[in-house]
Amino acid sequence: MIDFPIEILGILYNVQEEEYKGMNEGNLGLCDTTNCEITIRSGLTPDRGFETFVHELTHAILNEAGYRYCDDEGTHTEDFVERFSKALYQVILDNNFEEIKKYFYERG
Ligand SMILES: [Zn+2]
């Protein structure tokens, strides 16, 4: 069961797994910036679940950075989030960020 906190630009969000909570039929996840909750639909494969998490995380980051959601125009559109979060998901999966951080924070 997914249930953990995450800091997003100084705001504490909770990530949880639930069935259909507030979601439209085709949605796999939900980012509720009012209640600071990211919900991932339960029963997804690990890949689809993590991809969905990165997608919803991108919504949360943009919102906390001041880019309010608007699906018609601007920076925070569904199209942008879909494309960017796909790329981010793959970069996160393909690299070990704990190791990469060591190169910067633990170099002598
Ligand atoms: Zn979205």
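The following paragraphs describe the fold, the sheet, the nonpolar core and the helix packing of a predicted model.

The secondary structure of the predicted protein comprises three helices and four strands. Read from the N terminus, these elements follow the order β-β-β-β-α-α-α, with the strands thus preceding the helices. The C-alpha trace extends over about 50 × 35 × 25 Å along its principal axes. The protein has 108 residues, of which 19% count as buried. Among contacts with a separation of 6 or more, 39% are accounted for by residues 24 or more positions apart.

The four strands assemble into an open sheet with the order β1-β2-β4-β3 and mixed pairing. The edge positions are taken by β1 (3-8) and β3; each has a single partner strand, so one side of each is left without a neighbour in the sheet. Direction ignored, neighbouring strands of the sheet are turned by 20° against each other on average. In general terms, strands of a sheet pair through backbone hydrogen bonds, in either a parallel or an antiparallel manner.

Strand β1 runs antiparallel to strand β2 (residues 11-18), and six bridges join the two. Within this pair, P5 stands opposite N14 in β2. The hairpin formed by β1 and β2 has two residues between the strands, and L9 adopts a positive phi near 50° there. None of the six residues of β1 is buried, so this strand lies largely in the open. Beyond β2, the loop between β2 and β3 contains Y20. This tyrosine has 12 other C-beta atoms within 10 Å; because a residue with 12 or fewer such neighbours is classed as exposed, Y20 is exposed. Between Y20 and E82, 62 residues apart in sequence, the C-alpha to C-alpha distance is 20 Å.

At the other edge of the sheet, β3 (residues 29-32) is joined to β4 (residues 37-41) by four bridges, and these strands also run antiparallel. The bridge partner of C31 in β4 is I38, while G29 stands opposite I40. The hairpin of β3 and β4 has four residues between the strands, and C36 takes a positive phi near 55° in it.

The surroundings of G29, a residue of β3, were examined further. Its C-beta position, placed from the backbone, has 22 C-beta neighbours inside 10 Å. Because 20 or more such neighbours define a buried residue, G29 counts as buried. Residues up to four places away in sequence being excluded, G29 touches I38, T39, I40, R41, T52, H55 and E56. By contrast, the C-alpha atoms of G29 and T75 are separated by 20 Å, the two residues being 46 residues apart along the chain.

The largest nonpolar core consists of nine residues, namely Y13, L30, C31, I38, I40, F53, V54, L57 and A60. At least two residues of this core are supplied by each of β3, β4 and α1 (46-64). The contribution of α1, four residues, is the greatest. One of the core residues, F53, is in contact with V15, I38 and I40 when neighbours within four places in sequence are left aside. Burial of nonpolar side chains together is a tendency of soluble globular proteins.

Helix packing was considered for α1 and α2. Two packed helices are generally described by the angle and the distance between their axes. The axes of α1 and α2 (residues 78-94) come within 9 Å and cross at roughly 125°. At this angle, α1 is therefore oblique to α2. The crossing of α1 past α2 is right-handed. On the α1 side, the contact is made by F50, E51, V54, H55, T58 and H59; on the α2 side, V81, F84, S85, L88, Y89 and I92 take part. Of these α1 residues, V54 also belongs to the largest nonpolar core, and H55 is one of the residues touched by G29.

Terms used:
Residues are numbered from 1 along each chain as its sequence is written. This is a predicted model: local features need pLDDT of at least 70, side-chain atom pairs count only at pLDDT 80 or more; totals for chains, interfaces and linings use all residues. Two strands pair if DSSP finds at least two bridges between them. Two residues are in contact if their C-beta atoms, placed from the backbone, lie within 7 Å. A nonpolar core is a set of buried Ala, Val, Leu, Ile, Met, Phe, Trp, Tyr and Cys residues joined through C-beta atoms within 7 Å. Axes are lines fitted to C-alpha atoms, for helices over the stretch in contact, and angles run from 0 to 180 degrees between N-to-C directions. Angles under 35 degrees count as roughly parallel, over 145 as roughly antiparallel, 65 to 115 as roughly perpendicular and the rest as oblique. A crossing is left-handed if the near helix is turned anticlockwise from the far one by less than a right angle, and right-handed if clockwise.
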